[in-house]
Amino acid sequence: MHLLQNLEDGAFAAVAATLRSAAEAPLSRRFVLAAMGGVGVGLMLGFGAPAEAAEAGGTAFNPFVRIAPDGTVTVIIKHLDKGQGTATGLATLAADEMDADWSKVTTEFAPADAKRYGNAAFGGAQGTGGSTSIAASYDVYRKAGAAARAMLVAAAARQWGVDPSTVKVANGVVSAGNRSAGFGALAEAAAREAVPAEPALKAPSAFTLIGKEGVHRVDNLAKTTGARIYTQDLKLPGMLVAVVAHPPRFGAKPTRFDAGAAKAVKGVSDVVMVPQGVAVLATTTHAAIKGRDALKVEWDESGAETRSTADLVAAYRAALAKAGTVAEAEGDVDKALATPGVKLVEAEFEFPYLAHASMEPMNAAAQLKDGAVTIWTGSQFPSADVPNAAHAAGVPPEKVVINTLWAGGSFGRRALASSDFVVEAVAIAKAHGKGVPVKLVWTREDDMKAGYYRPLYLHKVRAAVDASGKPVAWHHHVVGQSILAGTFFESVMVKNGIDETSVEGTHGGYDIPNLKVELTSMKTGVPVLWWRSVGHTHTAYAVEVMMDQLARAAGQDPVAFRLAHAKDDRLKGVIRLAADKAGWGTPLPAGVTRGIAAHRSFNTYVAEVVELSLADGGIKVQRVVAAVDCGRIVNPDVVRAQVEGGVGFGLGAALHDAITLDKGTVEQANFDTYAPLRMSEMPKVEVHMVASDAAPTGIGEPGVPPLAPAVANAIFAATGRPVHRLPFAGQSFKPA
């Protein structure tokens with residue numbers, strides 16, 4: 001059995017267990033548990049109305065639903081929306097059960113409060129990630145909406161003297177006979193009704209919003225008009241802006257600085273040393289950056305990472321030649337590979353460091369005043385941010401307030417065990433010591449050169465098919481840096497030397513009787529972190545490119561080969577659907593080839609067929625046909641957008657991107673040298689969804705893993721050569 005099957009396919013699934021085990025981590029034990037509101041908190045369905053919700057205006061029915069006198073329904077969103085559409089999805093669940101008027105539904109982010117707003121997939125810790133938001137909250141928000149509806153019905157029946165069974169609700173209006181009232185008119189009375197412990201939920205056939213086309217996103221208007229407030233837009237009375245001179249090499253530390261020239265810059269008010277570097281505080285961002293440019297800092301680089309990328313790859317390759325720690329083993333892979341008559345296929349894969357490169361770089365505002373800390377930021381992981389901010393400020397966790405704002409992307413960057421940029425903002429505010437709010441701003445160059453990265457990985461795969469073309473053996477060795485080592489996740493999520501996130505997805509879902517997966521975890525000074533789709537970003541590539549190589553060795557069509565050996569009917573389903581919709585096997589224009597890849601991640605199945613052409617040694621991806629099985633679809637438009645975005649995100653990285661080091665210094669700095677996909681490169685994307693009554697699963701990440709191997713397999717079809725190194729940039733591809 002694959003080690004990850006009990007972890008629901010992702011790094012985040014064991015977060016809560018890790019937090020509960022924080023007793024082994026001196027920093028985390030007291031702070032983290034206090035931030036969670038106690039050990040063992042479950043999914044809250046006690047629908048007591050929070051006092052602060054009432055203070056915000058309107059009547060609170062439970063921690064998730066508030067109704068204003070004008071009938072506006074506010075749905076409290078317990079997960080950060082960083083562009084993935086979570087707010088729309090969760091609001092849809094509650095509004096459908098309420099029979100609310102969608103045009104009067106709005107949202108706001110929940111406060112940091114794990115008791116009420118914990119993530120069931122994290123066992124109660126409050127956080128967003130692992131494509132869990134809808135999957136883990138499906139029943140929670142439906143029950144919240146259904147409870148509010150039941151209370152509105154009860155109030156109307158009482159006021160009108162009718163039997164509750166005669167009361168109807170539709171589009172935000174409650175009616176019985178010739179009486180009717182809007183939600184707002186009934187809200188106060190309804191809130192005094194008994195809260196149903198187990199409100200009746202609709203049958204799916206009665207859904208009016210869930211699964212329906214044309215339900216617009218709640219954030220569209222404010223975002224398109226520029227009204228939405230991100231942390232970068234935040235302005236508070238007396239607020240200063242801070243930028244930090246970070247170490248030029250990872251692991252270096254500031255020893256002394258000369259602030260004279262920096263303080264001479266108009267607008268600069270202070271320069272302070274913090275553990276992360278030297279911060280310049282000013283009245284504007286421009287002045288802070290100018291002050292930092294003028295700053296002189298001396299660094300102690302005795303403990304810094306000074307190797308170049310070539311040095312690291314050489315060290316990884318040496319490790320690849322040695323045995324790793326066995327993560328999974330079935331059958332006798334060595335014997336099967338040595339069986340006479342089998343066709344052996346071998347390949348070594350290389351995957352670079354990758355930056356998160358979110359459109360809104362990291363930022364956070366912090367104010368230390370009267371023994372308390374107030375934070376404003378796109379908080380993806382409040383159950384870590386609260387204790388980390390408290391520790392940095394030297395106050396109890398209950399003295400930390402986090403105001404969550406919308407975030408312009410993350411791709412994992414905002415969910416750190418260390419809460420790096422939040423802690424840095426607190427440290428600067430504390431060092432400044434004036435009690436004013438301080439907004440820390442990372443420029444894109446700051447995050448590109450001093451951030452966190454998807455680790456560098458090398459894979460070696462040896463696999464074989466027998467004389468009938470059946471895959472019989474698969475030996476897979478992964479070499480890479482653990483994203484969990486050194487964090488408080490390590491004690492629970494790294495077992496017997498295996499970081500689960502490094503090898504997830506290596507099995508690929510195919511029936512192979514002799515299998516061995518090994519892992520060698522390397523140590524470098526480069527900070528690493530989960531990146532959108534985590535381990536699946538490299539394991540899916542190695543598996544799916546090898547599947548095409550095995551199909552070719554077996555003399556079989558790649559789609560037929562996958563369908564013959566996929567173990568899971570849902571995986572087969574998306575392969576068939578993508579192939580059918582793409583017209584697999586039908587003639588293509590001259591110079592155009594197809595490739596396919598399929599993968600299960602975060603309990604969602606995705607297959608993608610890519611069509612591309614070669615020109616001047618490069619490639620042009622023209623069309624991507626995706627088939628998705630993510631269980632019951634809550635909002636088709638959001639699912640479609642997530643897959644389309646995943647295609648663009650994955651294609652940009654595959655075509656262009658690598659973070660490289662020159663003697664320990666990151667060589668890329670901005671989008672000129674680390675290019676996201678250009679508009680002119682975006683292919684036509686078609687998304688086909690499998691209708692399903694199964695529970696919803698994740699959709700934020702699963703669109704990414706199949707994209708790069710599908711491109712590689714289309715290149716394979718065009719050139720006759722498999723592609724084993726990413727990115728594709730710098731490689732020349734010529735027709736066979």
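In this predicted model, strand β16 (residues 363-369) pairs with strand β17 (residues 372-377) in the antiparallel sense, and five bridges join the two. Within this pairing A365 faces W376 of β17. The hairpin that β16 and β17 make has two residues between the strands, and D370 takes a positive phi near 55 degrees there.

On from the hairpin, β17 also pairs with strand β18 (residues 400-404), in the parallel sense and again over five bridges, with I375 standing opposite I402 in β18. To get from β17 to β18 the chain passes through helix α13 (residues 382-393), and the β-α-β crossover made in this way is right-handed.

These strands belong to an open sheet of seven strands with mixed pairing, whose order is β10-β11-β8-β19-β16-β17-β18. Because β10 (268-274) and β18 stand at the edges with a single partner strand each, one side of each is left without a neighbour in the sheet. From one strand to the next, the twist of this sheet averages 25 degrees. Elsewhere in the order, strand β8 (residues 240-245) and strand β19 (residues 438-441) pair in the parallel sense over three bridges, and L240 has V438 in β19 as its bridge partner. Helix α13 packs on this sheet, where it touches β16, β17 and β18, while helix α14 (residues 420-432) packs on the sheet by touching β8, β10, β11 (277-282), β16, β17 and β19.

A second topic is the sheet of three strands, which is open, has the order β5-β6-β7 and is paired in the antiparallel sense. Here β5 (168-170) and β7 (179-182) are the edge strands, each with a single partner, so one side of each has no neighbour in the sheet. The twist in this sheet averages 20 degrees from one strand to the next. Three bridges join β5 to the antiparallel strand β6 (residues 173-176), and A170 stands opposite V173 in β6. Two helices, α6 (residues 133-160) and α7 (residues 183-191), lie across β5, β6 and β7.

The table gathers the directions of the helices against strands of the two sheets.

| Helix | Residues | Reference strand | Angle |
|---|---|---|---|
| α6 | 133-160 | β6 | about 40 degrees |
| α7 | 183-191 | β7 | about 85 degrees |
| α13 | 382-393 | β18 | about 130 degrees |
| α14 | 420-432 | β16 | about 40 degrees |

Terms used:
Residues numbered from 1 in each chain as written. Predicted model: local features only at pLDDT ≥ 70, side-chain atom pairs only at ≥ 80, totals over all residues. Heavy atoms only, no water. Pairing = 2+ DSSP bridges. Helix = DSSP H or I, 4+ residues; strand = E, 2+ residues; numbered from the N terminus. Axes fitted to C-alpha atoms, helices over the stretch in contact; angles between N-to-C directions. Contact = heavy atoms within 4.5 Å. Right-handed = clockwise from strand over helix to strand, strands pointing away.
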